[in-house]
Amino acid sequence: PPAPPPEREHASALSLLAMLQREGRFVDFLQENVAAFSDAEVGAAARIVHEGCRKVVNQYLTLQPVLPQSEGDRVTVPAGFDAQRTRLTGNVAGQPPHNGTLRHHGWVTTEVKFPSVSPAMDPRVLAPAEVELA
């Protein structure tokens with residue numbers, strides 16, 4: 001069968017982006033030129049975006065750190081480590097095991113609970129235009 005159009009192939013991702021927009025105004029925030037606003041104004045907006053987007057992520061995704069240690073802890077990266085899960089930075093030389101400081105514990109999705117995307121819906125529409133009638 002022919003490949004679906006990109007908007008259908010990526011409907012789940014577009015649906016997630018639409019949910020982030022609906023709950024946290026994520027797309028609005030990213031499309032806004034925040035350079036003209038004070039740090040306090042950007043901070044106030046970021047709190048709203050954070051709250052809504054966190055709600056969506058927690059509702060539809062289960063996330064866990066890739067490494068259980070705390071950031072700043074010393075860790076050993078063993079031979080045969082998964083380079084998709086662990087990125088080495090700094091002075092990378094020689095063969096593992098490598099010892100270093102955990103700068104970011106990473107994230108892995110352990111469960112996805114997206115709703116089905118109706119074929120009747122256009123997944124490209126992240127947020128409809130809103131027109132208030134008088």
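**Notebook: Arg25, helix H2 and the strands**

I began with Arg25, which I found in the loop between H2 and H3; helices (H or I, at least four residues) and strands (E, at least two) are DSSP runs, numbered from the N terminus. The model is predicted, so I note that local features need pLDDT of at least 70, that side-chain atom pairs count only at pLDDT 80 or more, and that totals for chains, interfaces and linings use all residues. Residues are numbered from 1 along each chain as its sequence is written, and side-chain values use heavy atoms, with hydrogens and water left out.

**Entry 1: Arg25.** I looked up the backbone here and found that phi of Arg25 is near 55°, a positive value in a residue other than glycine. Arg25 comes just after H2. Is Arg25 buried, exposed or partly exposed? I record it as partly exposed, because its relative accessibility is 46%, where buried means under 20% relative accessible area, exposed over 50%, and partly exposed in between (1.4 Å probe, protein chains only).

**Entry 2: helix H2.** I compared the length of H2 (residues 11-24) with expectation: at 1.5 Å a residue, its 14 residues should span 20 Å, and the end C-alpha atoms are 19 Å apart, which agrees. The expected span is 1.5 Å times one less than the number of residues in the helix. I listed the buried positions of H2 as Ala11, Leu16, Ala18, Met19, Leu20, Gln21 and Gly24. Which helices are included in what covers them? I noted helix H1 (6-9), helix H3 (26-31) and helix H4 (39-60).

**Entry 3: Leu16.** I then followed one residue of helix H2, Leu16. Leaving aside its neighbours within four places in sequence, Leu16 is in contact with Val56 and Phe114, contact meaning heavy atoms within 4.5 Å. I also took the C-alpha separation of Leu16 and Gln64, which are 48 residues apart along the chain, and it came to 19 Å.

**Entry 4: Val77 and His98.** I placed Val77 in strand E2 and His98 in strand E3 (residues 98-101). Val77 counts as buried because its relative accessible area is 11%, and His98 counts as buried because its own value is 16%. With residues up to four places away in sequence set aside, Val77 is in contact with Thr86, Leu88, Pro96, Pro97 and His98, while His98 touches Val75, Thr76, Val77, Leu88 and Ala93. I checked one of these pairs by C-alpha distance: Val77 and Leu88, eleven residues apart along the chain, are separated by 8.8 Å.

**Entry 5: the proline pair.** What kind of peptide bond joins Pro96 and Pro97? I found a cis bond there, with omega about 15°. Pro97 belongs to the loop between strand E2 (74-77) and E3.

**Entry 6: His105.** I found His105 in the loop between E3 and strand E4 (107-112). His105 is counted as buried because its relative accessibility is 16%. Without its neighbours within four places in sequence, the contacts of His105 are Pro65, Val66, Leu67, Gln69 and Glu71.

**Entry 7: Pro119.** I located Pro119 in the segment after E4, and at 71% relative accessibility Pro119 counts as exposed. Although Pro119 and Arg8 are 111 residues apart in sequence, I get 8.3 Å between their C-alpha atoms.

**Entry 8: the whole chain.** I counted four helices and four strands, and from the N terminus on they run α-α-α-α-β-β-β-β. The radius of gyration is 20 Å, whereas a compact globule of 134 residues would have one near 14 Å; the radius is taken over C-alpha atoms, and the globule rule is 2.2 Å times the number of residues to the power 0.38. Along its principal axes the C-alpha trace spans about 70 × 55 × 25 Å. Buried residues make up 17% of the 134 residues, yet residues 24 or more positions apart account for 74% of the contacts with a separation of 6 or more.

**Entry 9: surface and charge.** I noted an accessible surface of about 10,400 Å², of which 53% belongs to carbon and sulfur atoms; areas come from the Shrake-Rupley method with a 1.4 Å probe, and for residues only the protein chains shown count as cover. There are 12 positive and 15 negative side chains, with the centres of the two sets 7 Å apart. Lys and Arg count as positive and Asp and Glu as negative, with His and the chain ends not counted, and the place of a charge is taken as NZ of Lys, CZ of Arg, CG of Asp or CD of Glu.
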